Amino acid sequence: MPSRTLATHSGSTTAPPDGPDRPDPRIVPRRRTGQWVAAAAVLVLLALALRSVVRNDAFQWAVVADYFLTPAVLRGLGLTLWLTAAVMALGFVLGTLLATMRLSANPVLRGVSWGYVWLFRSMPVLVQLLFWFNIGALYPTILGIKTVQLLGPLTVALIGLTLHEAAYAAEVVRGGILSVDKGQLEAAQSLGLGAWRRLRRIVLPQAMRSIVPPAGNMLIGTLKGTSIVSVLAVQDLLYSVQLVYHRTYQVIPLLLVATLWYIAVTSVLGVGQYYLERHYARGAAGAR
């Protein structure tokens with residue numbers, strides 16, 4: 001069979017290169033026309049939606065700008081941030097305790113922890129807040145102090161949200177602890193480390209890879225969930241803007257003020273969650 005030849009500039013022929021010197025075939029990427037068309041259509045729809053929001057006079061963006069940094073709104077924002085931080089800190093402290101009880105060999109501790117999580121996850125948070133707000137009907141005095149004087153709206157909000165948060169935090173922490181390889185615990189036991197030291201120095205640092213993502217979602221959910229305390233007349237961010245629009249009847253722009261603040265804070269928290277996840281994922285497979 002005749003061999004293949006290649007024409008050269010001089011008109012002579014030569015055999016095509018074979019073996020390791022043969023050039024690799026050029027790879028042509030597959031054309032994805034449908035994806036580009038779909039992406040362009042989505043961008044056009046987003047641009048139209050954004051234009052309708054910006055150009056719609058009913059949003060009253062000038063009013064939004066006027067009230068965005070007013071002292072009343074900033075005080076409400078500060079209380080919302082404080083309540084979120086306090087609820088998350090106290091909730092995870094109690095949740096960690098409940099998680100260790102659930103993993104204990106003591107059946108009484110396991111039963112108490114399971115019952116707590118079952119009860120507080122079964123009740124809507126609004127029902128819990130209203131129950132604590134009306135606790136004086138069951139216990140008019142506590143330690144000789146009238147319940148009305150002891151449990152104000154802010155204290156009720158802090159207690160109710162913390163107890164609710166602890167039930168979910170317990171499951172998050174328990175899942176993180178269970179994700180740690182049992183060999184790590186056996187190695188720590190062989191070194192003679194006590195149970196508390198094993199938890200603090202061995203288990204929790206490794207469990208944080210599994211704890212941080214759901215904990216970050218809980219933090220953002222708690223920030224938005226604090227708006228429910230407005231039913232108790234706690235002057236958080238939402239209640240602060242409600243006080244303003246009840247006086248001025250500018251409902252939409254004041255709700256936009258609260259919405260923009262929630263978006264701004266959750267965006268910052270999302271960035272913090274990303275870097276925290278990357279920190280605890282160091283050394284793990286697929287970490288970025």
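# Exercises on a predicted model

Glutamine 60 lies in the loop between α1 and α2 (61–67). The model is predicted, and the exercises below begin with this residue and then turn to the helices.

**Exercise 1.** Determine whether glutamine 60 is buried, partly exposed or exposed, and state what sets its phi apart.

*Solution.* Step one takes the accessibility. Buried means under 20% relative accessible area and exposed means over 50%. Glutamine 60 has 30% relative accessibility, so the residue counts as partly exposed. Step two takes the backbone. Most residues other than glycine have a negative phi. In glutamine 60, phi is near 55°, a positive value in a residue that is not glycine.

**Exercise 2.** Carry out the same analysis for alanine 233.

*Solution.* First, locate the residue: alanine 233 belongs to the loop between α9 and α10 (237–248). Next, its phi is near 65°, a positive value in a residue other than glycine. Finally, the relative accessible area of alanine 233 is 41%, so this residue is partly exposed.

**Exercise 3.** Check the length of helix α1 (residues 33–55) against the expected span, and decide whether the helix lies in the open.

*Solution.* Helix α1 has 23 residues, and at 1.5 Å a residue these should span 33 Å. The C-alpha atoms at its ends are 33 Å apart, in agreement with that expectation. For the second part, the number of buried residues among the 23 of α1 is zero; therefore the helix lies largely in the open. For the protein as a whole, buried residues make up 30% of the 288 residues.

**Exercise 4.** Describe how helix α3 (residues 71–102) crosses helix α4 (residues 107–122).

*Solution.* The two axes come within 7 Å and cross at roughly 135°. That angle makes α3 oblique to α4. The crossing of α3 and α4 is left-handed. On the α3 side, the contact is made by Leu94, Leu98, Met101 and Arg102; on the α4 side, it is made by Leu109, Arg110, Val112, Ser113, Trp114 and Tyr116. Sorted by class, the contact has seven nonpolar, one polar and two charged residues.

**Exercise 5.** Analyse the pair formed by helix α8 (residues 182–190) and α9 in the manner of Exercise 4.

*Solution.* The axes of α8 and α9 come within 11 Å and cross at roughly 160°. Angles over 145 degrees count as roughly antiparallel, and α8 and α9 are therefore roughly antiparallel to each other. Their crossing is right-handed. Gln184, Leu185, Ala188 and Gln189 of α8 meet Arg198, Ile202, Val203 and Gln206 of α9 in this contact. By class, four of these residues are nonpolar, three polar and one charged.

Arginine 201 also lies in helix α9 (residues 195–225). With 49% relative accessibility, arginine 201 counts as partly exposed. Arginine 201 and alanine 188 are 13 residues apart in sequence, and their C-alpha atoms are 9.4 Å apart in space.

**Exercise 6.** Establish whether leucine 129 is buried or exposed, and which residues it touches beyond four places in sequence.

*Solution.* Leucine 129 is found in helix α5 (residues 125–133). Its relative accessible area is 0%, so leucine 129 is buried. Leaving out residues up to four places away in sequence, leucine 129 touches Val156, Ala157, Gly160, Leu161, Ile228, Val229 and Leu232. As for distance, leucine 129 and valine 231 are 102 residues apart in sequence but 9.1 Å apart in space, C-alpha to C-alpha. Across the protein, residues 24 or more positions apart account for 71% of the contacts with a separation of 6 or more.

Methods: Residues numbered from 1 in each chain as written. Predicted model: local features only at pLDDT ≥ 70, side-chain atom pairs only at ≥ 80, totals over all residues. Heavy atoms only, no water. Helix = DSSP H or I, 4+ residues; strand = E, 2+ residues; numbered from the N terminus. Expected span 1.5 Å × (residues − 1). Buried < 20%, exposed > 50% of the residue type's maximum accessible area, 1.4 Å probe, protein only. Axes fitted to C-alpha atoms, helices over the stretch in contact; angles between N-to-C directions. Parallel < 35°, antiparallel > 145°, perpendicular 65-115°, else oblique. Left-handed = near helix turned anticlockwise from the far one by under 90°. Contact = heavy atoms within 4.5 Å. Nonpolar A, V, L, I, M, F, W, Y, C, P; charged D, E, K, R; others polar.
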